[in-house]
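Hello,

Here is the structure I promised to pass on to you. Have it open while you read, and follow along at your own pace.

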Amino acid sequence: MSIHIVALGNEGDAFHQDSRPSGLIRAYLGRSPLVSGDESSLLLSASGAAARPVFTEYQASAFGNVKLVVHDCPVWDIFDSDWYTSRNLIGGADIIVIKYNVNDKFSFHEVKDNYIPVIKRALNSVPVIIAAVGTRQNEELPCTCPLCTSDRGSCVSTTEGIQLAKELGATYLELHSLDDFYIGKYFGGVLEYFMIQALNQKTSEKMKRRKMSNSFHGIRPPQLEQPEKMPVLKAEASHYNADLNNLLFCCQCVDVVFYSPDLKEVAEAHKIVLCAVSHVFMLLFSVKSPADIQDSSIIQTTQDLFTINRDPAFPGASQESPGNPPLRVIVKDAFFCSCLSDILRFIYSGAFQWEELEDDIRKKLKDSGDVSNVIEKVKCILKTPGKFNCLRNCKTYQARKPLWFYNTSLKFFLNKPMLADVVFEIQGTTVPAHRAILVARCEVMAAMFNGNYMEAKSVLIPVYGVSKETFLSFLEYLYTDSCCPAGIFQAMCLLICAEMYQVSRLQHICELFIITQLQSMPSRELASMNLDIVDLLKKAKATPLAGGGGVGLGLLLEAGGDPWMQKMQNHPFP
């Protein structure tokens, strides 16, 4: 008999990772008297980050002869890059531990907004422990009073942790330090209680199965032939970062041009990408006002570095397109302007390759003081309002999450009129969008907006054949590179849209979701859907896709027949 524990989250301080003690799970396994055995680690590489482990697997023995398997996942990227593995981890867990550091409020809200809803959908009546680790800063003694607001500006309050526990039906623990008392007696006591409950439940289920087998009085049931499993799809690797990086070099949908102090053109860029990573550009392009930002350093940086020129007598203004000419921005700082092309390449690559940026700047600026001055200005541009020295240690930040900017910040502009330069008309409603992101992420839209088509010159574009909800899910994938369908019908609708616009990776994600749902769906539910699963399996086995095998859209619709198509058309979107 075994117990499977899944631990999610990073309990270390984001800005002091080098000096933090050993992790909560590892410390418990090393100190608990009920756990014995040798520790072994299995490191699996995350997609696009081969140097960083997605999770660590610990194997030990608990209560003498019970096998204990613990998967410790400190990085939440697994829910974005490998949805299939993360779903299996959550679904097969007996106990789930969610841990965070009380002094990293930004990461706490990011997890709460983006990943907790995914975990809630995957939970299967298993106990959850939420561990708030660390002593809150700006306090000599930790305060657990729900009414205390002295540290809510920079720390995660007790009330926020308790509210998160209520949403998940979890047990909330505050561990002010990772010493013997908090780990062995406090955290360990609660964890071992749930371990005993899990063992009792498994023993009870085992006894029920034994009674059922004895009730046949020696009569062996007929040996039924097990159905074949559907083919396993390998998800296509993400090229999200490369798509946005290529946007800088293709010079399509440019809406801002940078000039040197002597009015020479330096570089072209896109407002939506710049605003996705910097509040300085949000302020410069009037996406936010100074009252919205409320950070004097960001306001001062904007005024010191840039100015907008709207003079119609500007050199070269007559050659610009008369309809919607790019915005002209003059860079005041000469050293910063000379390195602007390298800085833009750094931003479009994900804004995390600090060592490469510093090397590129050193090649252009010989003086080390000038190099440090430019690097500090880049840090000010990427500063988050209200945070002090948030990028003090560039190497530590570089190891945290390369695509942190784009995956979270571009979602802020999804279905918003800010900076939108195209509007889709769907089912009598409108959906604003941004041509630059659509061109970078979808080849069909790139040809549509840059070719000799009506859409290239039109602002309002009608969309037929998909619902508004389906198209919004499609746009969400283009903006964030993530997709988590709520059900099989939503995945089918999204698959139709992905094939319409030839986005192969989204097709693979939908196919993988559909296959997983069909394998786990009860037979009665399959029968009620009028889907001939036997015919579907035969065709899937005989007709693999060119991209690695699996079930394609046409194959599924052919297997389901007219009733399947009618059900998809009449079924409301989840």
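**The overall picture**

Of the contacts in the protein with a separation of 6 or more, 66% are between residues 24 or more positions apart. Please keep in mind that this is a predicted model. The protein has 574 residues, and 48% of them are buried. Its secondary structure comes to 26 helices and 16 strands.

**A sheet of four strands**

Let's begin with an open sheet whose four strands come in the order E11-E10-E13-E12, with mixed pairing. The edges are taken by strand E11 (265-269) and strand E12 (306-309); each has a single partner strand, so one side of each is left without a neighbour in the sheet. From one strand to the next, the twist averages 30 degrees.

E12 and E13 run antiparallel and are joined by four bridges. To find one place where they pair, look at phenylalanine 306: its bridge partner in E13 is valine 331. Helix H12 (residues 296-305) lies across E12 and E13, and runs at about 55 degrees to E12.

Now move along to aspartate 333, in the loop between strand E13 (327-331) and helix H13 (334-338). Is aspartate 333 buried or exposed? Its relative accessible area is 17%, and under 20% counts as buried, so aspartate 333 is buried. What does its side chain reach at 3.0 Å? That is the backbone nitrogen of phenylalanine 335. A polar atom of the same side chain, that of aspartate 333, also lies 2.8 Å from the backbone nitrogen of phenylalanine 336. Leaving aside neighbours within four places in sequence, aspartate 333 is in contact with Leu305, Asn373 and Lys377.

**Aromatic rings**

Rings are worth a look too: the count comes to 17 aromatic pairs. One of them is phenylalanine 258 with phenylalanine 281, an edge-to-face pair at 6.4 Å centre to centre, with 75 degrees between the planes. Phenylalanine 258 lies in strand E10 (residues 256-259) and phenylalanine 281 in helix H10 (residues 279-284), so this pair ties together parts that are 23 residues apart in sequence. Both phenylalanine 258 and phenylalanine 281 are buried.

Another pair is made by phenylalanine 474 and tyrosine 501, whose ring centres are 5.1 Å apart; their planes are at 20 degrees, so the pair is stacked. Which parts does this pair tie together? Phenylalanine 474 lies in helix H21, while tyrosine 501 lies in the loop between helix H22 (488-500) and helix H23 (504-520), so the pair ties together parts that are 27 residues apart in sequence. Phenylalanine 474 counts as buried at 0% relative accessibility, and tyrosine 501 is buried as well, with a relative accessible area of 10%.

Some rings also come as a group: Phe258, Phe281, Phe285, Phe306 and Phe336 form one aromatic cluster. You have already met Phe306 as the bridge partner of valine 331.

Two charged residues sit over rings. Lysine 288 lies over the face of phenylalanine 412, 5.4 Å from the ring centre, and arginine 441 lies over the face of tyrosine 477, 5.1 Å from the ring centre.

**A sheet of three strands**

There is also an open sheet of three strands, in the order E15-E14-E16, and its pairing is mixed. Strand E15 (429-433) and strand E16 (460-462) stand at the edges with a single partner strand each, so one side of each is left without a neighbour in the sheet. On average, neighbouring strands of this sheet are turned by 30 degrees against each other, direction ignored.

Strand E14 (residues 422-426) and E15 run antiparallel, with five bridges joining them. For example, glutamate 425 has threonine 430 in E15 as its bridge partner. Helix H21 (residues 468-480) packs on the sheet and touches E14 and E15; its direction makes about 5 degrees with that of E15.

**One more residue to find**

Finally, look for isoleucine 129 in strand E8 (residues 128-133). At 0% relative accessibility, isoleucine 129 counts as buried. Isoleucine 96 is 33 residues away along the chain, yet the C-alpha atoms of the two are separated by 6.3 Å. Leaving aside neighbours within four places in sequence, the contacts of isoleucine 129 include Ile96, Val97, Ile98, Leu173 and Phe187.

Enjoy exploring, and best wishes!

Terms used
Residues are numbered from 1 along each chain as its sequence is written. This is a predicted model: local features need pLDDT of at least 70, side-chain atom pairs count only at pLDDT 80 or more; totals for chains, interfaces and linings use all residues. Side-chain values use heavy atoms; hydrogens and water are left out. Two strands pair if DSSP finds at least two bridges between them. Helices (H or I, at least four residues) and strands (E, at least two) are DSSP runs, numbered from the N terminus. Axes are lines fitted to C-alpha atoms, for helices over the stretch in contact, and angles run from 0 to 180 degrees between N-to-C directions. Contact means heavy atoms within 4.5 Å. Buried means under 20% relative accessible area, exposed over 50%, partly exposed in between (1.4 Å probe, protein chains only). A polar contact is a pair of N or O atoms within 3.5 Å; within protein, one must be able to donate a hydrogen and the other to accept it, and residues adjacent in sequence count only if both atoms are side-chain atoms. Rings of Phe, Tyr and Trp (its six-membered ring) pair if their centres lie within 6.5 Å; planes under 30 degrees apart count as stacked, over 60 as edge-to-face and the rest as tilted. A charge sits over a ring if NZ of Lys or CZ of Arg is within 6 Å of the ring centre and within 35 degrees of the ring normal.
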